[in-house]
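Open your viewer and get ready to click along. We'll take the stops one by one, with a selection to make at each.

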Amino acid sequence: MNFQAVRSIYIFEMARTWRTIGQSVISPVISTSLYFVVFGAALGSRITEIDGVSYGAFIVPGLVMLSLLTQSISNASFGIFFPKFSGTIYELHSAPISYIEIVLGYVGAAATKSIIIGCIILLTASFFVPLQIAHPFWMIAFLLLTSITFSLFGFIIGIWADGFEKLQIVPLLIITPLTFLGGTFYSINMLPPFWQTVSLANPVVYLVSGFRWSFYEISDVNVGLSFSITLLFMFACLVVIWWIFKTGYRIKS
Amino acid sequence: MTSIISIQKLSKTYASGLKALKNINLDIKRGEIFALLGPNGAGKTTLISTICGITNPTTGKITVAGFDVEKEFRKTRSLIGLVPQELTNNAFETVWATVNFSRGLFGKKPNPQLIESILRDLTLWDKRNDKIMMLSGGMKRRVLIAKALSHEPQILFLDEPTAGVDVNLRKDMWNIVRRLRDSGVTIILTTHYIEEAEEMADRIGIINNGELILTEDKEKLMSKLGKKRLTLHLIKPIDKIPQQLSAHHLERSPDGCALIYTYDKRGRRTGITTLLQDLAASNIHFQDLETKQSSLEEIFVSLVKD
Ligand SMILES: Nc1ncnc2c1ncn2[C@@H]1O[C@H](COP(=O)(O)OP(=O)(O)O)[C@@H](O)[C@H]1O
Ligand SMILES: [Mg+2]
């Protein structure tokens with residue numbers, strides 16, 4: 001194992017993050033604040049409480065998840081897409097490293113960035129609503145697991161994409177709808193029974209529900225189930241990545 | 001000299017079905033400068049890419065310092081530095097960051113003194129904090145060289161290093177190449193300029209259409225190939241070449257307006273003086289003349305015909 005290489009990729013990618021730190025941090029802070037103003041203030045005056053938690057506080061875990069998902073995917077997909085696009089990927093192929101170092105470096109950096117942003121959002125939220133975290137250990141576990149899993153997923157998208165449009169299309173067409181329909185802003189128990197059942201097919205429901213449980217001990221689905229589904233998805237991503245590097249799919253001729 | 005790279009029965013067929021390399025057998029000797037000469041599309045880049053791990057061979061075996069490039073890629077790749085043909089760069093990075101990144105990628109501990117001396121050698125030191133996109137094409141090429149040298153490789157590949165490069169860089173580059181060779185680095189460069197191979201290489205391999213046509217010591221090859229053609233444009237067309245000129249083995253152009261004389265420019269006597277005297281004696285006068293190096297194209301034609 002070439003740890004020096006992992007370190008180099010990680011530092012290189014994080015440098016990119018620090019360079020763009022302004023836009024990386026400011027935009028989630030602004031959008032989170034906007035969500036609080038729009039959803040918290042406007043809806044909050046109508047929906048006062050869900051399961052004994054004030055509406056403003058209720059949406060915080062969902063908002064953090066929303067950012068974790070979109071940030072992880074976009075960071076990781078861009079991270080590996082760019083060398084492919086600019087041609088500098090030749091260096092990764094000609095270096096004495098295997099795909100394990102490549103994935104650790106790129107996915108590690110992408111996940112780190114989303115975790116930082118997730119924490120910033122939590123901090124921002126704490127200015128608007130009183131936060132309580134019932135199970136800090138599980139909160140952190142979900143935070144890490146989600147960031148890593150969706151960074152792996154983003155990595156796959158970055159390799160699959162052969163243009164900037166494709167890079168955008170999955171987050172836009174799949175992830176955003178799934179997140180909005182995944183109980184970010186509501187409890188799925190508030191839906192009619194039919195839509196509750198449909199929602200159970202949405203993986204984001206499990207993430208949001210598990211994460212929210214670690215804050216307020218309320219959940220739409222069983223916590224163990226939430227954790228298992230996330231692990232399962234991570235495993236699936238790992239298998240796909242293993243296959244990509246075994247076959248050289250879209251990265252090696 | 002022992003061989004540092006050994007290629008046996010290597011073939012590469014791209015997914016498109018294109019056969020880019022056909023049954024290549026080649027040994028590169030430790031410490032030599034080897035020039036791979038061939039026209040565009042011959043398969044030079046593919047051959048280099050396969051040795052470096054960028055493309056997978058379809059069949060055949062490559063070893064570097066005795067290690068298999070596929071099974072023991074960590075060992076083989078850490079010996080190799082590659083300067084690619086295309087100017088691919090991280091546009092938004094600084095020179096310093098990108099060169100140090102390369103060193104780390106190859107598993108080497110940071111060594112700022114070494115990187116500094118590489119950058120100074122390549123006259124990049126003043127630009128170390130510049131973003132790469134701010135640099136000129138020649139400077140970008142230097143950055144690629146610096147990256148390739150950052151991990152102290154024993155083998156250096158230069159893929160068309162002088163394509164689109166100014167005279168200064170060309171000189172600097174050849175100086176660097178010679179210095180590296182003196183320090184024991186094996187160098188493989190590709191080019192489609194015969195002059196370049198002639199100037200730099202110890203040995204030359206000619207590749208065309210995916211086939212390695214021949215490999216030969218430069219001196220031998222140049223004496224074989226160093227032919228020039230002298231074309232004499234006549235004032236009056238002639239029907240046939242006079243008997244008394246037969247010793248010169250002249251060719252007559254189809255319209256009879258020109259005579260073509262082929263000679264070896266490396267020979268001590270080219271025979272031009274006698275030819276011109278004999279022409280005057282035969283009362284053949286010309287209004288213009290030109291000489292031309294046999295082009296690579298012609299060399300290929302003659303080699304493929306043999
Ligand atoms: N990735 C690829 N997929 C399919 N064909 C390729 C690829 N890369 C190169 N080729 C083809 O292989 C042949 C050899 O190319 P290359 O090795 O780049 O030649 P050279 O470097 O000598 O100019 C060319 O016909 C080229 O079009
Ligand atoms: Mg080429």
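Start by colouring chain A and chain B separately and looking at where they meet: the area buried between chain B and chain A is about 2,600 Å², with carbon and sulfur atoms giving 58% of it. Buried area here is the accessible area (1.4 Å probe) that two parts lose on being put together, summed over both. Now select B:R74, B:F101 and B:L105, which lose the most area to chain A in chain B, together 26% of what that side buries.

Before going on, a note on what you're viewing: this is a predicted model, where local features need pLDDT of at least 70 and side-chain atom pairs count only at pLDDT 80 or more, while totals for chains, interfaces and linings use all residues. Residues are numbered from 1 along each chain as its sequence is written, chains are lettered from A and ligands numbered from 1 in the order in which they are written, and side-chain values use heavy atoms, with hydrogens and water left out.

Next, select everything in contact across the two chains (heavy atoms within 4.5 Å). You should pick up 31 residues from chain B and 25 residues from chain A.

Which residue forms a salt bridge with B:K147? Zoom in on A:E91: the closest N and O atoms of this pair are 3.0 Å apart. The count between chain B and chain A is three salt bridges, each a side-chain nitrogen of Lys or Arg within 4 Å of a carboxyl oxygen of Asp or Glu.

Switch to cartoon view. On the side of chain B that touches chain A, the elements giving two or more residues are α2 (73–78), α3 (95–105) and α5 (137–149) of chain B. Helices are DSSP runs (H or I, at least four residues), numbered from the N terminus. Click on α3(B), which supplies the largest share of that side, six residues.

Last stop: ligand 1. Residues from chains A and B surround ligand 1, so the site is shared between chains. Show the 13 residues around ligand 1, of which B:G41, B:G43, B:K44, B:T45 and B:T46 come nearest; being near takes a heavy atom within 4 Å. Helix α1 (residues 44–52) of chain B gives the most to this shell, with three residues.

Now click through some distances to oxygen atoms of ligand 1:

- B:K44: a polar backbone atom at 2.8 Å.
- B:T45: an N or O atom of the side chain at 2.7 Å.
- B:T46: a polar side-chain atom at 2.5 Å.

Methods: A polar contact is a pair of N or O atoms within 3.5 Å; within protein, one must be able to donate a hydrogen and the other to accept it, and residues adjacent in sequence count only if both atoms are side-chain atoms.
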